[in-house]
Amino acid sequence: MSDEFDVIVVGAGPAGENAAARAARGGLSVVVVEAELVGGECSYWACIPSKALLRPVELAAEVGRVPGLTLGPIDVDAVLARRDEAVSHLDDGNQVKWVKGIPAEFVRGYGRLRGPRQVEVTAPNGATYLLRARHAVVLATGSRPVTPPIPGLAEAAPWTSREATSVTAVPRRLAVLGGGVVACEMAQALHGLGAEEVTMLVRGHSLLGRVEPFAGELLAASLTDAGIEIRTGVQVTGVERPEPGGPVTVHFSEGPPLEADELLVATGRRPATGDVGLDTVGLPEAGPVRVDDSMRATGVADGWLYAVGDVNGRNLLTHMGKYQARVCGDVIAARAKGEPDDLPAMRDIADGYGAPQVVFTDPQICAVGRAEAQAREEGFDIRVIEYDLGAVSGAYLLGDGYRGRAKAVVDERRRVLLGVTFAGPDVAELLHSATIAVTAEVPLDRLWHAVPSFPTVSEIWLRLLEEYGL
Ligand SMILES: Cc1cc2nc3c(=O)[nH]c(=O)nc-3n(C[C@H](O)[C@H](O)[C@H](O)COP(=O)(O)OP(=O)(O)OC[C@H]3O[C@@H](n4cnc5c(N)ncnc54)[C@H](O)[C@@H]3O)c2cc1C
Ligand SMILES: NC(=O)c1ccc[n+]([C@@H]2O[C@H](COP(=O)([O-])OP(=O)(O)OC[C@H]3O[C@@H](n4cnc5c(N)ncnc54)[C@H](O)[C@@H]3O)[C@@H](O)[C@H]2O)c1
């Protein structure tokens, strides 16, 4: 194998894979370096297994809302077996084949920058060798979970999202530290799969900090109704697990301690930059790799370094990492060939709009664009419209007691949408309509002519526009 390529991609999660594919499509030679499994966190320990665990729980909740259907107990072994299928039994053979077919060279090993355009790879057997890039190096190393510095926490061997998504025996008593996306999704999944006592320990006063407050409230009500305990405003002061594999005890600044069989720590993630040689190219070793809208790292002479996905800290979401990667691969190819590098598709615009995100709980929480508070902070002249999703015929027909709500933030000056949030069962597929409306800045008077079918949940669009006065 040659040691020189047009492009070196470090990290083969969804972002790295897509950057490599686009650069190769542009005619460049590419090598992909991956330390663990091609497909990254998303494929094996994050998006895919978590959704495989949540789906039966969500479906069970839906069945419970439709009179005439009787729900049997969930066959947990079958659910775990399907999860194992979904993560290809942690075998990335097919993904490696895919990378080779891009075409790209693939090497298994840990990559570190070693000065401009150079990456040192440490192979699984410990051998090291150097790769050189003629045009660009793309860092796509993802992120790692954060463990807060709580006395005794690290020693208590808590679960991260990896252990939670690869669960083989559901614990009877589960404590969950955090109130964000991972905490909510995994609390609901594991509770639905048999964890009898699930206690969420939330530092703040609401779930899902960044979304519209009503969405977090609806989700909290649903989790509580299902039997999950949510303790808000708690401060964890210490954790103990005297016997490895034995019960874990969580201590608080106030009130009695909590004993559980496992403790899941879901307190955010940080970009995986600690040990990738950023110091050798004059960048800070910690924190995200700052990039411009062509995904090129700022502060690097000659502009040969790029960063896509979680590692640049823009939006820690698979679809956003893949989008950035498409921009990045195309820009690198254009620059390498001396072609125009500023075509409309060659800049990251979507991250600035407010990335679309679905939280796959029951109810699902979907949002795109700016929430009301953010729009106000940014000084927009806004009007807010809200509507009860349960009052839409299509939603009513989905089941009894459908609880949901929608909210839209309108830029009054231009009469376009700045942001939309849906919370309710089965609303995930609605989100893309909102993403199009927000991204394309469709005037409300034009949106009025996008007639939703009857009786679908999409009629929420009609109701929101009527609320606005159309
Ligand atoms: C539990 C959970 C559920 C999630 N669910 C969703 C979801 O439903 N939808 C969604 O959009 N997002 C979800 N996310 C977020 C999503 O997983 C990430 O945004 C996504 O994986 C980021 O992709 P990436 O390619 O940047 O990084 P990763 O997927 O983390 O991949 C990075 C790759 O780089 C490799 N690597 C790291 N350092 C090196 C090195 N020095 N040399 C060689 N290789 C290296 C790693 O081994 C890894 O394979 C979830 C996250 C978690 C934790
Ligand atoms: N469906 C999805 O799209 C999906 C699912 C899971 C994860 N993700 C992505 O993965 C990333 C990581 O998710 P996450 O839930 O770990 O992070 P998060 O940022 O969503 O939530 C972190 C939570 O931990 C709390 N917290 C932080 N430090 C704490 C401390 N010291 N003590 C107590 N609580 C503390 C925060 O208040 C917050 O509630 C997110 O950015 C998310 O976008 C996406």
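Gly 238 has His 251, in β12, as its bridge partner. The model is a predicted one. That bridge belongs to the pairing of β11 with strand β12, residues 248–252. The two strands run antiparallel, and four bridges join them.

The pair sits in a wider sheet. This sheet is open and has three strands, in the order β11-β12-β13. Its pairing is antiparallel. β11 (236–240) and β13 (258–260) stand at the edges. Each has a single partner strand, so one side of each is left without a neighbour in the sheet. From one strand to the next, the twist averages 20°.

Now turn to ligand 1. There are 38 residues around it. Gly 11, Gly 13, Gly 40, Gly 142 and Gly 309 come nearest. Several elements give two or more residues to this shell. Among the helices are α1 (14–25), α2 (40–45), α3 (47–64), α6 (161–165) and α9 (318–337). The strands are β2 (30–34) and β4 (110–113). By class, 18 shell residues are nonpolar, 15 are polar and five are charged.

Where does ligand 1 lie relative to domain 1 and domain 2? Domain 1 covers 4–39 + 92–144 + 271–350, and domain 2 covers 154–267. Both give residues to the shell, so ligand 1 lies between them.

One further region comes from a record. An unreviewed UniProt entry lists residues 356–461 as "domain: Pyridine nucleotide-disulphide oxidoreductase dimerisation". Over residues 356–461, the chain is 25% helix and 30% strand. The C-alpha atoms at the ends of this stretch are 17 Å apart.

Technical notes. Residues are numbered from 1 along each chain as its sequence is written. Chains are lettered from A and ligands numbered from 1 in the order in which they are written. This is a predicted model: local features need pLDDT of at least 70, side-chain atom pairs count only at pLDDT 80 or more; totals for chains, interfaces and linings use all residues. Two strands pair if DSSP finds at least two bridges between them. Axes are lines fitted to C-alpha atoms, for helices over the stretch in contact, and angles run from 0 to 180 degrees between N-to-C directions. UniProt positions are given in the numbering used here, feature names are shortened, and annotations may be inferred rather than shown by experiment. A residue is near a molecule or strand if its C-beta atom, placed from the backbone, lies within 6 Å of it. Ala, Val, Leu, Ile, Met, Phe, Trp, Tyr, Cys and Pro count as nonpolar, Asp, Glu, Lys and Arg as charged, and the others, Gly among them, as polar. Domain bounds come from an automatic or database domain assignment.
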